[in-house]
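Visitor: Please pick a single part of this model and take me around it slowly, residue by residue where that helps. I'd like the surroundings too.

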Amino acid sequence: KPFSYEELSCRIAQNLEMIEQIETIREVANRDFLTGLHNRRFFFEHGQEIYLRAVREQIPLAIAMVDIDNFKKLNDSLGHAVGDAALVHLSQVARETIRPQDTLARYGGEEFVLVMPNIGIEKARERAEDLHTTINALNISYGRFNLTTTISMGIAWYPAHGTTKEALMRAADMAMYVAKNTGRNRVITYDEREAGSL
């Protein structure tokens, strides 16, 4: 028996509502509950798509690993509520600083990953320095506390620093650790000689 117009309209409305609910669940699953940024899960799925597009279309791609300096000390001395407030504020400002086509995700704890498609290494470093400068200028207020914080960043670029997403991630991570081990509060572009000294 064919559906009446009313029955068909009702079924379409139900299906559309179900699709909307699924999209909402997916969006929640892909967001970090504290900062509202994309989470690690989203990065690995979406980052792979961006990387494959860069390979397919032969366009450059930069990945930056970002770590908040001395964050454990901040948590231990002032408490996790203050640390959380710093994470939220920093994340909001960082999201407003990056380009619309870039993807910023919370990688874990006080670490973030920034994916910058279709950008050369010099421009990627310039964008990273802009973010670094913006974060350094922040004055984060929480109750009676006024905080300043710094970040260490490591940048790797496709294709010069790696031809797989995993290699790029390793290179960016190594560059970030060079930044942290040479005084923190700086941006380092991946270099095999520097990374090899770790």
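Guide: What follows is a close look at helix 5 and what lies around it.

Some ground rules before we start. This is a predicted model, so local features need pLDDT of at least 70 and side-chain atom pairs count only at pLDDT 80 or more, while totals for chains, interfaces and linings use all residues. Residues are numbered from 1 along each chain as its sequence is written, and side-chain values use heavy atoms, with hydrogens and water left out.

Here's the setting. The chain has 7 helices and 7 strands (DSSP runs numbered from the N terminus: H or I of at least four residues for helices, E of at least two for strands). Along the sequence they run α-α-β-α-α-β-β-α-β-β-β-α-β-α. Of the 198 residues, 44% are buried (under 20% relative accessible area; exposed is over 50%, partly exposed in between; 1.4 Å probe, protein chains only). Take the contacts (heavy atoms within 4.5 Å) between residues at least 6 apart in sequence: 66% of them join residues at least 24 apart.

Now the helix itself. Helix 5 covers residues 121-136, and its 16 residues should span 22 Å at 1.5 Å a residue (times one less than the residue count); the end C-alpha atoms are indeed 22 Å apart. Its buried residues are Ile-121, Ala-124, Ala-128, Leu-131, His-132 and Ile-135. Looking down the axis of helix 5, these buried residues fall within an arc of 100 degrees (taken from the directions from the axis to the C-beta atoms), so they line one face. Turned away from that buried side, Glu-122 and Thr-133 are exposed.

What does the covering of the buried residues of helix 5 include? Strand 1 (61-68), helix 4 (80-97), strand 3 (111-117), strand 6 (151-158) and strand 7 (187-189) are among the pieces that do the job.

Let's zoom in on His-132, which sits in helix 5. His-132 counts as buried because its relative accessibility is 8%. Leaving out residues up to four places away in sequence, His-132 touches Ile-151, Met-153, Asn-185, Arg-186 and Val-187. With Asn-185 there's a side-chain to side-chain polar contact at 2.8 Å (an N or O pair within 3.5 Å, one able to donate a hydrogen and the other to accept it; sequence neighbours count only if both atoms are side-chain atoms).

Two of the covering pieces deserve a word. Helix 4 has 18 residues and reaches 25 Å from first C-alpha to last, close to the expected 26 Å. Its buried residues are Val-82, Gly-83, Ala-85, Ala-86, Leu-87, Leu-90, Ser-91, Val-93 and Ala-94. In strand 1, have a look at Asp-67. With a relative accessibility of 5%, Asp-67 counts as buried. Its contacts, again skipping residues up to four places away in sequence, are Glu-110, Glu-111, Thr-150, Ile-151, Ser-152, Met-176 and Lys-180. Notice Ile-151, which Asp-67 touches and which His-132 touches as well.

One last stop, in helix 2 (residues 40-57), is Arg-40. At 40% relative accessibility, Arg-40 counts as partly exposed. Arg-40 touches Arg-106 and Tyr-107, with residues up to four places away not counted. A polar atom of the Arg-40 side chain lies 3.2 Å from the backbone oxygen of Tyr-107. The C-alpha atoms of Arg-40 and Phe-112 are 8.8 Å apart, although 72 residues separate them along the chain.
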